[in-house]
Amino acid sequence: MPLLPAEGRSGPQLIGRKRLADDRGHFSRLFCAEELAEAGWTGPVAQVNHSVTGRAGTVRGLHLQRPPHAEMKLVSCIRGAVFDVAVDLRPGSPTRFTAVAAELSAENGLAMLVPEGFAHGFQALCDGCELIYLHSAGHSPGSEAGLRHDDPALAIAWPLPVALVSERDAGLPSVAALLAEAT
């Protein structure tokens, strides 16, 4: 699982999976604790989730869990393609409220390692996208947090018109509301 360049390795990173192919198809490792330790994966895999998004243009997120239930995520697209986004929400970070994005697809075999303190979301680039998420901590409903996907302060350039957002995600706060809440 070679690492692709990342500035300072303190933020999200793209992880390339090595594919072994023959006449039957291909095989790739989705997670290897030993190899991912170099990228900063520090915890066990506490939870594995499977997401299916039916409609192109759908946006899910931007979600995270607050401490003490903060989590790292390793996000892989196993069917279709998504525009995957991580937003730095770490207090005091020089890149706070900055988004990092990349296309993850079944074809390109890339995964996004999302560190603790980053909100995560994605837009389906085609119908029928499927993602596998590995989490370093279990889900804690009382620790859920997030930001609006369409907040102008984040300036995320979603590649497709936004076709569908859940009611919950549409009600997430803006950066301004988050900052007002902290004071």
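A cavity is a set of grid points where a 1.4 Å probe fits but cannot get out. Keep that idea in mind for a later stop on this tour of a predicted model.

**Stop 1: the whole chain**

Start by showing the protein chain as a cartoon. You will find 3 helices and 12 strands. The radius of gyration is 16 Å, close to the 16 Å that the globule rule gives for 183 residues, so the chain is as compact as a globular protein of that length. Turn the C-alpha trace around: along its principal axes it spans about 60 × 35 × 30 Å.

Now colour the chain by accessibility, if your viewer can. Buried residues account for 45% of the 183 residues. Contacts are worth a look too: among those between residues at least 6 apart in sequence, 79% join residues at least 24 apart.

**Stop 2: the largest pocket**

Next, switch on a surface and look for the largest pocket, with a volume of about 430 Å³. Select Arg60, His63, Lys73, Tyr133 and Arg168, which are the closest to the pocket's centre among the 25 residues that line it. Then highlight strands S4 (47-53), S5 (59-65), S10 (118-124) and S11 (129-135), together with helix H2 (167-170); each of these elements gives two or more residues to the lining.

Which element gives the most to this lining? Select S5 to see it, as this strand supplies 6 residues. Colouring the pocket lining by class shows 7 nonpolar, 12 polar and 6 charged residues.

**Stop 3: the largest cavity**

Here the opening definition comes into use. The structure holds 1 cavity of 30 Å³ or more, and the largest cavity contains about 40 Å³ of space. To find the place, select Leu64, Gln65, Ala70, Glu71, Lys73, Val114, Pro115, Gly117 and Phe118, the residues that line it. By class, this cavity lining has 5 nonpolar, 2 polar and 2 charged residues. Lys73 may look familiar: besides lining the cavity, Lys73 is one of the residues closest to the centre of the largest pocket.

**Stop 4: two cysteines**

Finally, select Cys126 and Cys129 and show their side chains. Why do they not form a disulfide? Their sulfurs are 3.7 Å apart, too far for a bond, because a disulfide needs the two sulfur atoms within 2.5 Å. A search of the whole structure finds 0 disulfides.

Are these two cysteines buried or exposed? Cys126 has 25% relative accessibility and counts as partly exposed, whereas Cys129, at 1%, counts as buried.

Definitions and conventions. Residues are numbered from 1 along each chain as its sequence is written. This is a predicted model: local features need pLDDT of at least 70, side-chain atom pairs count only at pLDDT 80 or more; totals for chains, interfaces and linings use all residues. Side-chain values use heavy atoms; hydrogens and water are left out. Buried means under 20% relative accessible area, exposed over 50%, partly exposed in between (1.4 Å probe, protein chains only). On a 1 Å grid over the protein atoms alone, a cavity is a set of points where a 1.4 Å probe fits but cannot get out, and a pocket is an open set with protein on both sides within 12 Å along at least five of seven lines; lining residues have an atom within 4 Å of a point. Grid points are joined across faces, edges and corners, and a volume is the space filled by probe spheres set on the points. Ala, Val, Leu, Ile, Met, Phe, Trp, Tyr, Cys and Pro count as nonpolar, Asp, Glu, Lys and Arg as charged, and the others, Gly among them, as polar. Helices (H or I, at least four residues) and strands (E, at least two) are DSSP runs, numbered from the N terminus. The radius of gyration is taken over C-alpha atoms; the globule rule is 2.2 Å times the number of residues to the power 0.38. Contact means heavy atoms within 4.5 Å.
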